[in-house]
Amino acid sequence: MQRAKPKMAGFRDAAKRLFPLQDIQSVVELFRLELTTDGHEPNLAMLSLVAGIVENGLTSNRANTVMEGMNQSRTLEPIFPVVQMSYVEAFLAKFESQIKGSVDLSEHKSNFATREMVKKISDVVWSSLCRGHYKDKAHLQSLYSYLTGNRLDCFGVAFAVVAACQILGFDDVHLALSEDHAWVIFGENGKETAEVTWHGKGNEDKRGQPITAGVADQSWLYLNGYPVICTREMEVSALVSAINPSISSTQDSIELAELQQELLWLLYDLKHLEK
């Protein structure tokens with residue numbers, strides 16, 4: 001069977017008209033458009049970038065303005081970061097170029113991803129990461145963190161792999177989630193599983209291996225073989241749930257928490273939080 005042409009990760013005209021994103025409502029409308037357009041999958045890479053840009057602007061950047069002894073209510077005046085379309089497009093092009101430039105599809109004829117392909121894609125993401133003890137820090141779950149600092153947490157790596165597979169046209173690759181881990185399912189009817197990230201120490205060596213190797217799939221880490229298997233819309237739900245409003249150990253961004261709440265209400269209304 002000849003493989004279908006991969007989908008492009010660019011913007012549609014309807015999405016372009018929503019930019020620049022200047023407030024909470026405009027971000028919510030972008031997510032709504034991506035989630036409700038018939039015949040169009042939500043663009044995971046683009047939504048992750050938008051969420052990451054906003055999160056960085058309302059948390060990491062603002063944390064640098066907090067000065068000891070100053071009135072934080074004055075220091076942290078609400079300033080919603082303006083998200084320009086050109087900015088997001090540039091990051092999308094960078095991510096797409098990295099993935100397509102590293103993965104050869106010329107010999108891949110199937111409409112479904114293979115274990116070798118999933119491992120190759122996860123290796124591309126993994127090899128780009130900085131090495132260091134940062135994996136438990138906040139704000140490392142989005143493609144914005146990946147493309148600006150080469151840093152991702154466990155969930156971020158798995159999400160990046162799924163977003164990369166979407167860019168390459170592998171629509172069978174989806175996130176599988178437990179309370180404390182993330183991996184992917186793929187293949188016809190989603191029968192195959194593969195590790196693409198780590199948990200604890202040393203799990204990076206398991207990338208590409210099925211979670212059924214040994215008795216792992218029966219453990220608490222994999223919810224005894226009953227994880228949450230995501231659709232594209234549920235992957236957006238996972239992205240929104242991973243937003244972290246914390247500015248410091250004692251302070252959260254009110255605006256980012258409000259955005260997250262509005263997005264969760266949107267997903268709830270669209271019945272994408274039922275699982």
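The following dialogue examines how descriptive terms are assigned in this predicted model.

Trainee: How is the chain made up, and what percentage of its residues count as buried?

Mentor: The chain has ten helices and six strands. Of its 275 residues, 49% count as buried. About 13600 Å² is exposed by the chain, and carbon and sulfur atoms supply 50% of that area. Among contacts with a separation of 6 or more, 64% join residues 24 or more positions apart.

Trainee: Why is Leu-35 called buried?

Mentor: The relative accessible area of Leu-35 is 10%. Buried means under 20%, and therefore Leu-35 is classed as buried. Leu-35 belongs to helix 2, which spans residues 24–36.

Trainee: Which residues does Leu-35 touch, leaving aside those up to four places away in sequence?

Mentor: Leu-35 touches Pro-42, Glu-233, Val-236, Leu-266, Leu-267, Leu-270 and His-272. Contact here requires heavy atoms within 4.5 Å. For one of these partners, Glu-233, the C-alpha atom is separated from that of Leu-35 by 6.6 Å, although the two residues are 198 apart along the chain.

Trainee: Val-236 is among those partners. What makes helix 9 mostly covered?

Mentor: Helix 9 covers residues 232–241, and eight of its ten residues are buried, so the helix is described as mostly covered. The buried residues are Arg-232, Met-234, Glu-235, Val-236, Ser-237, Ala-238, Leu-239 and Val-240.

Trainee: How many aromatic pairs does the structure hold, and what makes the pair of Phe-91 and Tyr-144 edge-to-face?

Mentor: The structure holds five aromatic pairs. For Phe-91 and Tyr-144, the ring centres are 5.7 Å apart and the planes stand at 80 degrees. Centres within 6.5 Å make a pair, and planes over 60 degrees apart make it edge-to-face; therefore both conditions are met by Phe-91 and Tyr-144.

Trainee: Where in the chain do the two rings of that pair lie?

Mentor: Phe-91 is in helix 5 (residues 85–102) and Tyr-144 in helix 7 (residues 143–149), so that the pair links distant parts of the chain, 53 residues apart. Both residues are buried. Ring pairs also bring in Tyr-87, giving a cluster of Tyr-87, Phe-91 and Tyr-144.

Trainee: How do you know that Trp-265 and Tyr-268 form an edge-to-face pair?

Mentor: Their centres lie 5.6 Å apart, and the angle between the planes is 90 degrees. The distance falls within 6.5 Å and the angle is over 60 degrees, so the pair is edge-to-face. Both residues lie in helix 10, three residues apart, which is about one turn of the helix.

Trainee: Why is Tyr-268 called exposed, and why is Trp-265 called partly exposed?

Mentor: Exposed means over 50% relative accessible area, and partly exposed covers the range between 20% and that value. Tyr-268 has 52% and is therefore exposed. Trp-265 has 47% and is therefore partly exposed.

Trainee: Which residues form a nonpolar patch on the surface with Trp-265?

Mentor: Trp-265 forms the patch with Tyr-268 and Leu-273, and together the residues have about 340 Å² of accessible area.

Trainee: How many disulfides does the rule give?

Mentor: The count is zero, the cut-off being a pair of cysteine sulfur atoms within 2.5 Å. As for burial, Cys-154 has a relative accessibility of 15% and Cys-165 has 0%, so each is classed as buried.

Trainee: What makes the backbone of His-139 and of Asn-189 noteworthy?

Mentor: Phi of His-139 is near 65 degrees, a positive value in a residue other than glycine. Asn-189 likewise has a positive phi of about 65 degrees without being a glycine. His-139 is in the loop between helix 6 (115–127) and helix 7, and Asn-189 is in the loop between strand 2 (182–186) and strand 3 (192–194).

Trainee: Is His-139 buried or exposed, and is Asn-189 buried or exposed?

Mentor: His-139, at 18%, falls under the 20% limit and is therefore buried. Asn-189, at 66%, is over the 50% limit and is therefore exposed.

Trainee: What makes the peptide bond from Phe-19 to Pro-20 cis?

Mentor: The bond is cis, with omega near 0 degrees. Pro-20 lies in the loop between helix 1 (13–16) and helix 2.

Conventions:
Residues are numbered from 1 along each chain as its sequence is written. This is a predicted model: local features need pLDDT of at least 70, side-chain atom pairs count only at pLDDT 80 or more; totals for chains, interfaces and linings use all residues. Side-chain values use heavy atoms; hydrogens and water are left out. Helices (H or I, at least four residues) and strands (E, at least two) are DSSP runs, numbered from the N terminus. Buried means under 20% relative accessible area, exposed over 50%, partly exposed in between (1.4 Å probe, protein chains only). Patches are made of residues with over 30% relative accessible area and no salt bridge: like charges are joined within 9 Å, nonpolar side chains (Val, Leu, Ile, Met, Phe, Trp, Tyr) within 5 Å. Accessible areas come from the Shrake-Rupley method with a 1.4 Å probe; for residues, only the protein chains shown count as cover. A salt bridge is a side-chain nitrogen of Lys or Arg within 4 Å of a carboxyl oxygen of Asp or Glu. Rings of Phe, Tyr and Trp (its six-membered ring) pair if their centres lie within 6.5 Å; planes under 30 degrees apart count as stacked, over 60 as edge-to-face and the rest as tilted.
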